[in-house]
Amino acid sequence: MTHFAPHLRIDKINLDSPTDIDLSVLRLDLVHPVVSGNKWFKLKNYIEEAGLQQKETLLTFGGAYSNHIVATAAAANLAGKQSIGIIRGEEPAQWSHTLLAAQQYGMQLFFISRADYRQKNIPAEVYQQYNQNNIFVIPEGGYGVSGAKGVAQVFADERFNEYSHLITAVGSGTTLAGMVLAARSHQQVIGTPVLKNATSLAGEINNLLPNEKQGRFQLLNHYHFGGYAKYSTALIRFMNSIYQQYALPTDFVYTAKSVFAVFDLMTANYFEKGSKLLFVHTGGLQGNGSLPKGTLIFDA
Ligand SMILES: *Cc1c(COP(=O)(O)O)cnc(C)c1O
């Protein structure tokens with residue numbers, strides 16, 4: 001993990017209209033097929049810390065469809081570490097695509113009740129099988145200053161100076177916090193939360209930021225399409241059409257909703273003329289595997 005140096009691709013989108021706005025996409029989805037995009041950058045400092053503390057097992061938390069779970073499993077595997085996933089809720093009769101993928105990367109999964117999950121209680125069986133002193137806990141979603149700083153490093157390069165707006169999908173807000181950390185004074189940072197009623201989100205993002213950066217972002221709360229992992233036929237149609245028109249693949253949980261927001265805002269003349277938008281594609285394409293076959297015209 002420490003030696004990765006991905007060349008980060010930025011694709012210009014050739015818009016038919018409006019012609020006075022520029023839209024480009026930072027393709028973090030191309031960094032790694034599974035530890036895709038933002039998850040890789042959020043995890044890298046945690047994995048380094050685990051290495052420094054000589055801890056051989058990474059433990060983290062997530063739901064049955066969590067990209068963070070599968071990314072942690074794959075990253076642990078690449079770093080030569082063991083991994084444990086603490087999964088919210090009863091063990092399902094049929095494991096999701098995401099859980100199966102995590103298991104394939106060697107992650108051992110433990111299912112706990114929603115009440116225990118809320119408290120982040122680590123079940124006793126974990127300590128029967130693993131030495132507690134060897135376990136490094138990564139917070140749910142990679143939420144934390146280390147996660148945000150890993151994301152901020154992405155934007156250090158001066159080729160990011162030219163953009164007026166940085167836009168991305170928001171779950172825990174760690175990625176957005178990293179973008180705010182890295183943003184130049186002329187740049188606006190915009191996030192589209194995928195959770196409905198994400199009322200505590202702004203505070204959680206501010207908690208990752210130094211005073212002078214707090215509040216220097218906007219959350220647009222009406223692009224969740226009904227809530228986490230909910231989708232409509234209109235969203236699927238949109239995903240297929242932007243793939244067809246711009247060769248831009250998106251996932252239905254995060255990035256499709258956020259790209260939809262970008263187009264919706266452009267149509268509503270939200271951005272002033274001459275704006276140069278950078279949409280940060282955070283990956284997550286593996287999650288499309290839980291859609292019925294044939295729903296999308298592209299593969300993850
Ligand atoms: C996890 C995830 C996000 C959300 O990132 P946060 O840092 O938790 O806000 C966005 N997009 C994709 C594809 C993700 O998998």
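Visitor: Where does the ligand sit?

Guide: The ligand sits in the largest pocket. Sitting there means that more than half of its atoms lie within 2 Å of the pocket's grid points. The model is a predicted one, in which local features need pLDDT of at least 70 and side-chain atom pairs pLDDT 80 or more, while totals for chains, interfaces and linings use all residues. Residues are numbered from 1 along each chain as its sequence is written, and side-chain values use heavy atoms, without hydrogens or water.

Visitor: What makes a space a pocket?

Guide: On a 1 Å grid over the protein atoms alone, a pocket is an open set of points with protein on both sides within 12 Å along at least five of seven lines. The largest pocket holds about 930 Å³ of space, the volume filled by probe spheres set on the points.

Visitor: How many residues line the largest pocket?

Guide: There are 44, each counted because it has an atom within 4 Å of a grid point. Those nearest the pocket's centre are E140, S172, L195, Y228 and Y254.

Visitor: Which residues around the ligand are closest?

Guide: The shell has 15 residues, with K39, N67, S172, T175 and T282 the closest. To be counted, a residue needs a heavy atom within 4 Å of the ligand. The helix α1 gives the most to this shell, three residues; a helix here is a DSSP run (H or I) of at least four residues.

Visitor: Why is the link between N67 and the ligand called a polar contact?

Guide: A polar side-chain atom of N67 lies 2.7 Å from a ligand oxygen, and a polar contact is a pair of N or O atoms within 3.5 Å, so the pair qualifies. A polar backbone atom of G171 is also 2.7 Å from a ligand oxygen, and for an N or O atom in the S172 side chain the distance is 2.6 Å.

Visitor: How much of the ligand does the protein bury?

Guide: Alone, the ligand exposes 380 Å² (Shrake-Rupley method, 1.4 Å probe), and the protein buries 97% of that.

Methods. Polar contact = N/O pair within 3.5 Å; in protein donor to acceptor, adjacent residues only side chain to side chain. 1 Å grid on protein atoms, 1.4 Å probe; cavity = no way out; pocket = protein on both sides within 12 Å on 5 of 7 lines; lining within 4 Å. Helix = DSSP H or I, 4+ residues; strand = E, 2+ residues; numbered from the N terminus.
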